[in-house]
Amino acid sequence: MFTEKIVSRQLFYLLFIMRVTIVISVLPVLTAGEALQDAWIAGAVSFIPSAAIVTLIGALTIAFPGKSLVQYSQELLGSIAGKFISLIYLGIFLFMAGTDLRIYAEVLKTGFLPETPISVIMALVVFVAVLVIFGGLEVLGRTADIIFPIFLLMILGSLFFPLIHADFQNIQPVIARGWSPLFLAIVAPTSVTAQYANLTMLAPSLDEQHKTLKVALWSLLAATFVLVCFAVVVVLVLGPDVGSRAAFPVFKMIRATRISEFLERVEIITIFAWGLGLFIALSVNLYSGSKGLSQVFGLQDNRPLILPMAVIWVVFGIQGYRDFFEVAQVFDPAFFDPIFITALLFPMLVLWTAYLYKRPWKKQPRGTTQNKG
Amino acid sequence: MKPLMRIFNKLSFLFPTRKKKQFTLKNKGKKKDHDLAVDYRDISEREADFQKTPLVVNLEDNLRTITDLTGGSYDLNIKRCLAGPKEVNVAVVFFDGMVNKESIDDLLRIVNLETFKTVIEGVHKKEIYDTVKKRLITTKLREADDMENLYEGISLGDTALLFDGTAKGILCETRGWDYRAIMEPEAETTIRGPREGFIENLRVNTSLIRRRIRSPNLWIESINIGSLTKTEVAYAYIKGLAGEELLEEVRSRLEHIDIDGVLESGLIEEFIRDAPYSLFPTTFRTERPDIVSAALLEGRVAILTNGTPFVVIVPGDFLMFLQAPDDYNELFPIGSLIRTLRIFSFLLSIFLPGLYVAILNYHPELLPTTLILTIQATREGVPFPVVAEILIMELAFEILREAGLRLPRAIGPAISIVGALILGEAAIRAGIVSPGVVIIVAFTAIASFSTPTFSMAISARMIRFLIVILGGTFGLLGIQLGFLIMIIHLVSLRSFGYPYMAPYGPFIWSDMKDNIIRNLWWKLVKRPRLLGFREPQRQPSGQGPRLPTASKGPYRRNRKRR
């Protein structure tokens with residue numbers, strides 16, 4: 001059978017774009033209010049716990065080459081318990097994708113298409129993701145290849161254009177209030193690492209699977225760098241107070257940019273980059289979700305599950321949140337961390353326990369043991 | 001039921017129908033040899049007749065069969081003569097206009113001479129065939145022992161020699177017919193580059209390639225396609241450079257074509273395309289031998305069809321359609337810049353009208369205030385919404401273009417005056433369309449003309465309308481989605497197993513030197529990775545110009561002197 005493969009470069013692109021998209025969309029809560037002008041330090045420091053979580057997620061996939069989380073959890077925990085754990089784990093894809101979708105749709109609705117029903121916007125965006133996943137993972141990888149340079153250019157543009165309004169007084173004093181607010185601010189960016197849950201579903205299709213973790217960590221590092229840049233620019237341009245309170249500060253910052261008389265309203269490039277990134281994030285989540293579900297139920301192909309899953313997402317995106325403000329606060333640790341712990345940390349810890357308990361690496365091939373005896 | 005049917009049948013005299021001549025089935029088996037006009041056998045049967053009729057010993061019988069089967073066609077020539085001292089009957093069969101008359105005269109002279117020389121041995125009917133076959137050294141010879149082979153030969157311009165007493169014929173190559181002179185193709189002109197273009201004759205076309213690539217490893221294979229036209233289709237490649245899987249694929253796809261006639265390579269293109277419903281062309285076609293040679297050197301395969309100057313190159317990739325020979329023939333920075341410009345204008349030709357509609361309808365705040373005020377002021381009193389305006393003008397332009405294409409050259413300028421000046425000017429004056437829309441449509445048209453290949457330009461034309469509708473319904477979101485769908489479609493395309501969007505999706509770093517940007521030719525050490533994988537190294541590296549240190553002339557560079 002023809003197996004679809006992606007290469008490490010494409011995996012890097014996918015993970016990087018997903019993470020940066022989240023940074024653009026929900027930066028304020030990411031480096032939350034407590035840190036104020038030191039948000040960028042919090043962002044930088046968050047790399048350490050994030051990397052730990054990514055290692056937690058990624059290291060097991062290397063131990064089980066060619067198998068996704070759904071498959072090796074059944075191997076570790078037995079069929080029923082494994083499936084149960086996988087189902088909990090798959091919930092995170094639904095949650096992340098639905099939330100991403102809703103945020104983007106809300107921004108579009110308020111900023112650009114005030115009269116279009118939000119369900120139409122969401123359905124349209126999901127439709128494209130459905131198309132690419134019907135094409136398969138290989139098509140998604142190649143799409144990421146093409147989108148990545150465009151995305152990067154736009155990100156750079158939305159970083160540099162606002163710099164004209166930068167005020168370097170805003171960023172001082174550095175760490176004036178001690179380290180404690182910083183540690184609180186680290187929690188949110190760390191828990192958004194839940195996106196890397198996709199790693200366990202993508203890794204089996206990677207052509208050099210032993211590199212999975214390396215690629216994931218590099219993408220995390222690159223994305224953290226972008227996060228720090230954005231945090232710095234936002235604080236420089238908007239100041240610590242506005243920067244930490246506005247709903248979408250990146251957006252607000254770029255909207256305020258005005259270079260001479262002609263170059264204004266450059267936020268369109270940010271929105272466009274966000275749209276591209278959201279498309280990638282949705283597709284990857286859709287792939288992981290449908291693939292995982294098809295493996296839980298032992299289906300040959302994940303394609304029959306794609307369309308129903310997409311519909312469920314739209315419904316979840318609309319029904320999951322009461323209004324715009326609830327969505328905007330979704331990555332607030334108080335709201336998000338319980339989900340993060342149940343859907344990601346808990347299954348991972350169970351699997352790690354089982355793994356360490358079973359010690360499959362100590363199992364020697366039968367031939368050798370018999371020879372010894 | 002049966003009795004009922006019988007009654008109906010008997011009643012049928014009440015409804016007399018006009019008696020048809022029964023062409024089918026009943027008469028099919030019968031041969032009515034004397035009168036050709038009442039020969040009701042259908043085309044497939046007639047073709048089958050050719051296949052199963054062998055040549056016989058008696059010359060007169062053979063000649064009669066030929067005249068019967070070809071209906072004694074006007075251009076069929078049969079010349080009889082006597083050869084050898086025993087005066088054996090010999091006939092020469094050929095089609096007038098397809099052969100070189102002089103070579104036929106030569107042929108007959110040789111036949112006569114040789115048969116007289118061999119007075120002692122080869123005088124009998126049977127031996128004369130072998131003698132002639134041995135001694136005819138002037139032309140390429142083939143043997144034919146049935147009508148099909150014989151006819152295949154003479155329909156290509158060969159001459160058939162038939163001898164009394166031998167159930168075989170000799171086909172001598174005497175081809176010589178008139179063809180168009182080699183000229184510069186009008187649709188693909190370059191500032192700098194060879195001025196030769198392919199013509200309709202396959203032989204001349206292969207020679208144009210052969211003259212450029214003199215390697216013995218330029219292999220040209222041919223097959224006949226078309227049950228009636230039997231068109232010669234040749235495919236050229238460089239053995240050892242083109243992938244064997246690719247060759248196998250091309251071969252099998254060509255062999256699977258089963259149609260009655262091939263009049264243009266477009267037909268073949270449609271049969272061998274990968275995604276037949278895609279709007280994008282996945283096979284490249286050109287009239288220029290230099291482009292074909294360059295493609296062969298990259299490891300591609302060229303498919304040449306007799307009767308058309310258009311050569312199909314497979315596999316095609318997207319960027320190939322946006323490149324022109326000038327990029328290589330001029331300085332490399334201008335080559336790179338022009339390529340970038342071309343890609344930009346290609347994107348413009350797809351997205352510009354859609355963007356205009358989307359921004360004006362949904363996001364007017366994106367434009368600077370003065371600009372939007374100017375545009376809105378000119379739209380004052382225009383009765384249509386922007387989408388309708390754009391669609392009408394695009395449609396008008398497409399009609400204009402099509403009309404201009406079909407017109408004779410002499411009245412071509414008339415259409416541009418009537419269309420562009422009178423129609424456009426009057427429409428604006430009358431307030432039916434706004435000047436902004438005319439500007440956009442005109443600029444889009446100009447942008448679309450900068451696409452070097454027509455086949456890619458027309459796919460942009462089709463997609464443009466979809467984008468306008470998307471932009472009109474969903475604004476910039478719609479355009480973004482259209483862009484994404486286009487990319488998804490493009491990366492999922494394959495041409496003969498090769499990814500269509502390579503070197504961008506999948507991204508191949510080593511191919512970046514000759515893509516949107518063209519580097520210096522001596523720096524392009526590697527062949528394209530997916531195509532020329534069998535021998536990645538094109539040329540040794542480090543061939544850049546050097547200072548003439550070794551020369552001993554007056555300009556010798558003396559390094560020691562300060």
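## Nonpolar cores and surface of chain B

Phe8(B) is placed in helix H1 of chain B, which spans residues 2-11. In this predicted model, Phe8(B) joins Leu4(B), Met5(B), Ile7(B) and Leu11(B) in a nonpolar patch on the surface, and together these residues have about 490 Å² of accessible area.

Chain B contains 17 helices and 12 strands, and an assignment divides chain B into the domains tabulated here.

| Domain of chain B | Residues |
|---|---|
| Domain 1 | 56-172 |
| Domain 2 | 202-316 |
| Domain 3 | 328-499 |

Between the C-alpha centres of domain 1 and domain 2 of chain B the distance is 34 Å.

The interior is described next. The largest nonpolar core comprises 194 residues, and Ile280(A) and Phe318(B) are those with the most contacts inside it. Helix H17 of chain B, residues 454-492, gives the most to this core, contributing 16 residues. Because domain 2 (202-316) and domain 3 (328-499) of chain B both supply residues to this core, the core lies between them. Beyond its neighbours within four places in sequence, Phe318(B) contacts Phe280(B), Phe346(B), Met456(B), Leu490(B), Tyr500(B) and Met501(B). Another core, of 22 residues, lies apart from the largest one and includes Ala242(B), Val250(B), Ile268(B) and Leu531(B).

For chain B as a whole, 45% of the 562 residues are buried. Of the contacts in chain B with a separation of 6 or more, 64% are between residues 24 or more positions apart. The accessible surface of chain B amounts to about 30,700 Å², and carbon and sulfur atoms account for 61% of that surface.

Note on methods
Residues are numbered from 1 along each chain as its sequence is written. Chains are lettered from A and ligands numbered from 1 in the order in which they are written. This is a predicted model: local features need pLDDT of at least 70, side-chain atom pairs count only at pLDDT 80 or more; totals for chains, interfaces and linings use all residues. Side-chain values use heavy atoms; hydrogens and water are left out. A nonpolar core is a set of buried Ala, Val, Leu, Ile, Met, Phe, Trp, Tyr and Cys residues joined through side-chain atoms within 4.5 Å. Buried means under 20% relative accessible area, exposed over 50%, partly exposed in between (1.4 Å probe, protein chains only). Helices (H or I, at least four residues) and strands (E, at least two) are DSSP runs, numbered from the N terminus. Domain bounds come from an automatic or database domain assignment. Contact means heavy atoms within 4.5 Å. Patches are made of residues with over 30% relative accessible area and no salt bridge: like charges are joined within 9 Å, nonpolar side chains (Val, Leu, Ile, Met, Phe, Trp, Tyr) within 5 Å. Accessible areas come from the Shrake-Rupley method with a 1.4 Å probe; for residues, only the protein chains shown count as cover. A salt bridge is a side-chain nitrogen of Lys or Arg within 4 Å of a carboxyl oxygen of Asp or Glu.
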